[in-house]
Amino acid sequence: MIEGKHIILGICGGIAAYKSVYLLRLLIKAGAEVQVVITPSGKEFITPVTLSSLSGKPVISEFFTANTGSWNSHVDLGLWADAMIIAPATASTIGKMANGVADNMLVTTYLSAKCPVFVAPAMDLDMFAHPSTKRNLELLKSYGNHIIEPASGELASHLVGKGRMEEPENIVKAIEEYFSTSDDLNGVRVLITAGPTYERIDPVRFIGNYSSGKMGFALAEECARRGAKVTLITGPVALKCKNKNIYRIDVESAKEMLAEVEKAYVDSKVAIMCAAVADYCVENRAESKIKREGNDVPVIKLQKNPDIAATIGAKKEKGQILVGFALETDNELSNAKAKILKKNLDFIVLNSLRDKDAGFGTDTNKITIIDSAGAEKVYGLKSKAEVAKDIIDEIAERIAK
Ligand code: PMT
């Protein structure tokens, strides 16, 4: 999977830098072309001579090469790379990456990189547990970077805890796994709904919900990364798509969403209904702003919205895969299972508002996948990007069968 890939190996100043030598060796053995970029303090821990001997390329550390004056272009490097791995990533470099402090070659290269970035933190346990490190790692995750969690064990300080850089073999495995799924949905048409719907009361007010669109957008990015042709139909959200292979359609209400979903569904192999669609819209919508006058309180009459998932579920053709979500607050499993049948889903992704840091607005989610035969797969709390990967793995398996 790694053979022929262009990889930037970023090395920071930490005792775990010695492990980067093994990592470099494994990458080269696997057939990768590796360019090492090291921070000035990284060179205190490991010499460029060792690294250039193994990689077969001069190690880059400064913006200019001292003896020739030639410029090391972080932009070109960023375009050249298929992946960038920062191992070890120190608290300081993680902070700079999270906040765009471009004061060395490694961070400028990171900021220019268009490829997936893997970050393997290594530091003392208290530094790793510090709220600033945690916040910076969360920021990196939210940029779509892959964090390779450090292991627990004895640290350079002889204290025991979480902060040891993951073993080089496991870092290589993580990258191999990433590339192994990089085109398994090549050309597959996937339709995804995301975000909330807004149901107008009058020109200035609406009925809505707390969906941010993060889960649906993470699914769209994951499908596009794996080669799918993605149509993302989204309610009003403040998010942007990163992958240019995502065709985005913005809608406001459930009825508008249904109209776009019905058009796109005809050609779709897979449909994932992640939007939090309002079940009701306003029957007595006002054409001008409702005024606060007199003592009367306006009465808003509701009527049922169409069930988008059930509508396309009823038209599902052999070979099409329809996935729904269930956002529950109680009786989670039985409610979710009932929706599989009602909407003719292949499987449903259950998330509960009773789980901390799951559901609306968060960067993380905790899901259970339930298939039409009732089999359940329970997952731990993960970033929405990782949750998206689990869901798309499930779909890719079904397509492969
Ligand atoms: O956007 P985020 O902030 O990241 O939050 C993600 C999420 C919580 C919105 C997402 O993970 C999620 O659970 N989405 C579905 C929310 C929901 O509306 O659940 P539901 O149980 O009410 O609906 C069941 C299924 O039917 C869903 O697939 C929904 O898209 C679909 N539905 C519901 C109502 C309707 N009128 N039409 C539909 O198609």
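This briefing walks through the fold, the sheets and a few backbone details of the chain shown above. Please keep in mind that the model is predicted. The chain holds 13 helices and 21 strands, and its C-alpha trace spans about 80 × 55 × 45 Å along the principal axes. Two open sheets, one of 8 strands and one of 5 strands, make good landmarks for a tour.

**The chain as a whole**

- The chain has 401 residues, and 48% of them count as buried.
- Take the contacts between residues at least 6 apart in sequence: 67% of these join residues at least 24 apart.
- About 19,500 Å² of the chain is exposed, with carbon and sulfur atoms supplying 52% of that area.
- There are 50 positive and 50 negative charges, and the mean positions of the two sets are 2 Å apart.

**The sheet of 8 strands**

- If you trace this open sheet across, the order is β12-β11-β8-β13-β16-β17-β19-β20, and the pairing is mixed.
- The edges belong to β12 (246-250) and β20 (376-378); each has a single partner strand, so one side of each is left without a neighbour in the sheet.
- From one strand to the next, the twist averages 15°.
- At the β20 edge, strand β19 (residues 367-371) runs antiparallel to β20, and 3 bridges join the two.
- For a handy pair to find on screen, look at Thr368, whose bridge partner in β20 is Val378.
- Helix α13 (residues 384-400) packs on this sheet, where it touches β13 (270-273), β16 (321-328), β17 (347-352), β19 and β20.
- The direction of helix α13 makes about 15° with that of β19.

**The sheet of 5 strands**

- This open sheet runs in the order β2-β1-β3-β4-β5, and its pairing is parallel.
- Here β2 (33-38) and β5 (146-147) are the edge strands; each pairs with a single partner strand, which means that one side of each has no neighbour in the sheet.
- Within the sheet, 4 bridges link strand β3 (residues 83-89) with strand β4 (residues 117-121), and the two run parallel.
- Ile85 is a useful marker, since it stands opposite Phe118 in β4.

**The β6-β7 hairpin**

- Strand β6 (residues 151-154) pairs with strand β7 (residues 160-164) in the antiparallel sense, over 4 bridges.
- Glu154 has Val160 in β7 as its bridge partner.
- The two strands form a hairpin, with 5 residues between them.
- Is His158, in the turn of this hairpin, buried or exposed? His158 has 62% relative accessibility, and because the cut-off for exposed is over 50%, His158 counts as exposed.

**Backbone details to look at**

- Most residues other than glycine have a negative phi, and most peptide bonds are trans.
- Which residues does a cis peptide bond join? The bond lies between Ala87 and Pro88, with omega about 0°.
- Pro88 has its place in strand β3, the strand that is bridged to β4.
- His158, in the loop between β6 and β7, has a positive phi, near 75°.
- Asn331 also has a positive phi, near 40°.
- The loop that holds Asn331 lies between β16 and α12 (332-343).

Conventions:
Residues numbered from 1 in each chain as written. Predicted model: local features only at pLDDT ≥ 70, side-chain atom pairs only at ≥ 80, totals over all residues. Heavy atoms only, no water. Buried < 20%, exposed > 50% of the residue type's maximum accessible area, 1.4 Å probe, protein only. Contact = heavy atoms within 4.5 Å. Areas by Shrake-Rupley, 256 points an atom, 1.4 Å probe, with all protein chains shown as cover. Lys, Arg positive; Asp, Glu negative; His and termini not counted. Charge placed at Lys NZ, Arg CZ, Asp CG, Glu CD. Pairing = 2+ DSSP bridges. Axes fitted to C-alpha atoms, helices over the stretch in contact; angles between N-to-C directions.
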